Amino acid sequence: MSQLAKSFDTDVLVVGGGPAGLASAIAARRKGMRVRLVDGGIPPIDKACGEGLMPDALKALRELGVTLPDNAGGLFRGIRFVGDGISVEADFPSRRALAVRRTVLHQALVDAASDAGVELCWGEAVGDLGDAPARWIIGADGYNSRIRKWAGLERWRSRKERYGFRVHYQIEPWSEYVEVHWHPDFQIYIAPAGADEVLVALLCRDPHLRVAEALEYFPELQDRLADAPRSTTERGGISATRQLWVVTQGAVALVGDASGSVDAITGEGLGLAFRQALALADGLAAGNLDLYEIAHRRLVRRPTWIANLLLLLDGRPALQDRALHYLARHPQVFRYLLAWHVGELRNPIRYFDSRTAAALDGK
Ligand SMILES: Cc1cc2nc3c(=O)[nH]c(=O)nc-3n(C[C@H](O)[C@H](O)[C@H](O)COP(=O)(O)OP(=O)(O)OC[C@H]3O[C@@H](n4cnc5c(N)ncnc54)[C@H](O)[C@@H]3O)c2cc1C
């Protein structure tokens with residue numbers, strides 16, 4: 001791209017100030033670059049999200065130097081799967097995870113970006129970039145990215161779409177786990193969003209289904225929530241597992257949902273965006289976006305595997321039932337898979353290594 005030869009009033013222009021854009025701006029700024037971020041919204045920006053920050057997402061946030069307010073959200077120790085007459089859970093190996101309101105996370109990222117010296121321009125939607133005003137352009141403009149189209153990167157390697165809805169209820173969380181309730185055709189998950197609030201998220205293939213209707217299939221959950229007032233209105237969005245062939249073109253790089261995504265059942269969208277942001281800053285600092293292209297491919301591999309594995313159970317009640325019963329009989333397998341999911345074990349085959357299995361069993 002010709003802009004390399006010009007002089008610019010900023011090194012990096014980030015289009016989109018969601019979690020991915022803000023994290024990328026912070027990471028690039030920490031490498032000494034001048035960074036301008038532009039977003040059509042005004043913070044704190046809310047969005048349909050399950051709001052779960054897995055242990056690896058929290059680790060990446062710490063690496064970015066972002067701190068969340070004390071007592072923000074609700075900690076959880078692992079994941080519980082609940083099926084027809086069966087419940088099985090696994091703890092994260094060493095660290096806890098956190099469910100935190102999207103607006104709280106957004107404000108913490110905005111504050112960190114401002115402290116780092118990012119030039120923040122809110123309320124300015126970017127149309128056609130035309131003569132790009134920066135050495136590097138980062139497309140962090142979410143699911144329907146205009147930058148992706150503008151850069152000619154709209155070529156999908158794979159694409160599976162579902163719908164996601166979330167709403168909060170004022171009620172004391174009843175579990176230290178995020179509970180995933182499996183219906184043959186959809187999942188509801190419950191996360192502790194604070195001392196007296198839970199988040200209820202629905203993931204489904206039917207765009208017309210809503211949380212209240214889905215809860216009718218889970219009478220126990222419905223009873224628990226019957227007297228709890230809703231503290232937010234229901235929000236929806238697309239929950240997709242999709243991969244692009246490439247995420248860079250000339251001086252343009254995509255990050256976060258603009259660069260592909262994993263189904264929300266993984267709880268990995270945010271963590272993935274933060275890790276991409278860190279890798280992208282390394283590529284920008286080296287002046288070589290090929291490094292980011294390679295890192296991006298590596299970073300999406302594990303969450304995509306997990307998304308595909310979990311979605312095998314969606315719409316297949318017999319397989320779902322067999323899988324949940326298998327995990328109940330072999331809880332160490334569930335713990336192992338969860339440890340792999342959050343990046344604390346590298347190779348699933350090592351489950352068969354007796355030392356690893358013993359470590360996971362706490363022996
Ligand atoms: C129902 C649901 C549940 C989920 N649950 C979880 C979970 O529990 N844990 C998890 O980690 N992930 C979860 N995810 C995924 C996670 O929400 C996304 O991966 C994450 O929001 C991606 O962030 P982003 O910054 O890439 O995109 P976004 O958050 O969409 O931000 C994009 C930003 O770009 C701005 N923008 C767009 N177009 C323009 C333009 N032309 N000019 C300027 N600005 C523009 C928008 O205003 C917006 O602020 C969930 C998703 C859904 C749908």
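**Exercise 1. The central strands**

How many bridges join β1 to strand β9 (residues 136-139)? Work out how β1 sits in its sheet.

*Solution.* Before counting, note that this is a predicted model, where local features need pLDDT of at least 70, side-chain atom pairs count only at pLDDT 80 or more, and totals for chains, interfaces and linings use all residues. Residues are numbered from 1 along each chain as its sequence is written, and side-chain values use heavy atoms, with hydrogens and water left out.

Step 1. Four bridges join β1 to β9, and the two strands run parallel. Strands here are DSSP E runs of at least two residues, helices are H or I runs of at least four, and both are numbered from the N terminus. Two strands pair if DSSP finds at least two bridges between them.

Step 2. Now turn to the other neighbour: β1 and β2 also pair in the parallel sense, over four bridges. Val12 has Trp136 as its bridge partner in β9 and Val35 as its partner in β2. Val14 stands opposite Leu37 in β2.

Step 3. Place these strands in the whole sheet. It is open, has six strands in the order β8-β2-β1-β9-β16-β15, and its pairing is mixed. The edge strands, β8 (119-122) and β15 (248-249), each pair on one side only.

Step 4. Look at the faces of β1 (residues 12-15). Val12 and Val14 on one side, and Leu13 and Val15 on the other, are all buried (buried: under 20% relative accessible area; exposed: over 50%; partly exposed: in between; 1.4 Å probe, protein chains only).

Step 5. Finally, follow the chain onward: β1, α1 and β2 make a right-handed β-α-β unit. Right-handed means that, with the strands pointing away from the viewer, the path from the first strand over the helix to the second runs clockwise.

**Exercise 2. The ligand shell**

Which residues come nearest to the ligand? Describe their surroundings too.

*Solution.* Step 1. Of the 34 residues around the ligand, the nearest are Asp39, Gly50, Arg102, Val126 and Leu270. A residue is near the ligand if one of its heavy atoms lies within 4 Å of it.

Step 2. Check the backbone atoms. A backbone N or O atom of Gly50 lies 2.6 Å from a ligand nitrogen, and a polar backbone atom of Val126 is 2.8 Å from a nitrogen atom of the ligand. For Ala20, a backbone N or O atom is 2.9 Å from a ligand oxygen.

Step 3. Ask how much is covered: the protein hides 89% of the 1,000 Å² of accessible area that the ligand has on its own (Shrake-Rupley method, 1.4 Å probe).

Step 4. List the contributing elements. Those giving two or more residues to the shell are α1 (19-30), β2 (35-39), β10 (156-169) and α7 (269-286).

**Exercise 3. Unusual backbone**

Where are Glu51 and Asn71 found, and is each buried or exposed?

*Solution.* Step 1. Glu51 is in the loop between β2 and β3, and its phi is near 65 degrees. Glu51 is buried, at 3% relative accessible area.

Step 2. Asn71 is in the loop between α2 (55-63) and β4 (74-76), with a positive phi of about 60 degrees. At 77% relative accessibility, Asn71 is exposed.

Step 3. Add one more case: the peptide bond from Pro43 to Pro44 is cis, with omega near -5 degrees. Pro44 is in the loop between β2 and β3 (52-53).

Step 4. These cases are worth a look because most residues other than glycine have a negative phi, and most peptide bonds are trans.

Notes: Polar contact = N/O pair within 3.5 Å; in protein donor to acceptor, adjacent residues only side chain to side chain.
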